[in-house]
Amino acid sequence: MNQPTHTSERMKEKVQLILSTNYFSSILMICLAPLCYFLLDIKEIIPQTFIIYGVLNIINTFFFYRHRKLIYTYLITSCIGIICAAIVTLYSGGINSPFTFVLALIVFAGYISTKNYGRFHLYLILLFILFIYFHDSLDFNFQNKVPEYSRDSLSLIGILFSVYILGGIFGKILLTNYNNLYISKREIEKKSKENEILLKEIHHRVKNNLQTISSLLNIQARNTNNDETKRILTNSHNRVLSMAIVHEMLYAREDLSRIEYKEYVTQLGKFLIESLNKEDKKIELNIAISNIKFNIETSIPLGLLISEFITNSIKHAFLNKNSGKIGINIEKVDPEFFQLTLTDNGI
């Protein structure tokens, strides 16, 4: 039930991130264009590229409100950003251009969107940086359009732009997302603890109810003179109690889904021997079960089967003997199956 809500929240966060970045970067680029042209005396390519980027990106952002396809908006923004950043980088100093930081921001934005987009942008930008570095040897000549006396100022602008985008937009949104995740984690842990307490209480109440039923059956068995009725009531009493032991063990442990089965069989066998061995015969219970845990769906029917076997062995296997051995072995024979072996040395 919570999955659609989580998906919707993640989509809202992505929309907010992309639109915020688009608006800020577009307006800033449009403002930088006249600054570069009139104050830094950069007359060619770079100011025009800033204006083209800003206008196209704003148009792209406005179109999002019509088609509501975030993927289209993101892909167009990425293409515009990569192309314009590449042009400005090539014509503002190449590998020494401050706008190489903007290329890194594009990779970062890709990874914020999805892992695959981030990886694609990473490899694309790496190839482009290698191209910038080796472009002279490849007979490509891109003249630096920034006057020498304006290069430090342009570097300052490029660095300030990159730092603000990284910290003021990406960092702020990532911090908000982290805080939301932390709050969600705390709420989930709280609910999990509440559910665990509730489940323990359920196991405790089921155990108490089963013990009450078992006691009533035991009282009825003691008060009847009919041997067959007494036998049926006693067997039913033992079966109910074998189920109660499962719930008691689940209530007493941290793991509410599985129980240590060797401990359960040991406790069950000890109870059955004490309650059914009226002649005080020396009956030894040999349990060979490794570190195996079963869930409640397996534990109860398997426990009933083992209870039936132990009950029958105590009643019928050692009629003319003063002692006996009952063996219970569970081993994993392959990844999907366990093998149960029940034995006694009686008649």
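Which strands does helix α9 (residues 296-317) lie across? Here are a few notes to help you find your way around this predicted model.

1. To take that question straight away: helix α9 lies across β2, β4 and β5, and runs at about 15° to β5. Helix α8 (residues 261-276) also deserves a look, as it lies across β2 and β4 and runs at about 165° to β2.

2. Now for the sheet itself. It is open, has three strands in the order β2-β4-β5, and its pairing is mixed. The edge positions belong to β2 (282-289) and β5 (337-344); each has a single partner strand, so one side of each is left without a neighbour in the sheet. On average, neighbouring strands here are turned by 10° against each other, direction ignored.

3. If you would like to follow one strand pair, try β4 (residues 323-334) and β5, which run antiparallel and are joined by eight bridges. A handy place to start is Ile330, whose bridge partner in β5 is Leu340.

4. Elsewhere, have a look at two helices, α3 (residues 70-90) and α5 (residues 115-134). Their axes come within 12 Å and cross at roughly 15°. With angles under 35 degrees counting as roughly parallel, α3 and α5 are therefore roughly parallel to each other. The crossing of α3 past α5 is right-handed.

5. Which residues make this contact? On the α3 side they include Ile71, Leu75, Ile82 and Leu90, and on the α5 side Leu124, Ile125, Phe128 and Phe131 are among them. Sorted by class, the contact of α3 with α5 has twelve nonpolar residues, three polar ones and no charged ones.

Key:
Residues are numbered from 1 along each chain as its sequence is written. This is a predicted model: local features need pLDDT of at least 70, side-chain atom pairs count only at pLDDT 80 or more; totals for chains, interfaces and linings use all residues. Side-chain values use heavy atoms; hydrogens and water are left out. Axes are lines fitted to C-alpha atoms, for helices over the stretch in contact, and angles run from 0 to 180 degrees between N-to-C directions. Helices (H or I, at least four residues) and strands (E, at least two) are DSSP runs, numbered from the N terminus. Angles under 35 degrees count as roughly parallel, over 145 as roughly antiparallel, 65 to 115 as roughly perpendicular and the rest as oblique. A crossing is left-handed if the near helix is turned anticlockwise from the far one by less than a right angle, and right-handed if clockwise. Contact means heavy atoms within 4.5 Å. Ala, Val, Leu, Ile, Met, Phe, Trp, Tyr, Cys and Pro count as nonpolar, Asp, Glu, Lys and Arg as charged, and the others, Gly among them, as polar. Two strands pair if DSSP finds at least two bridges between them.
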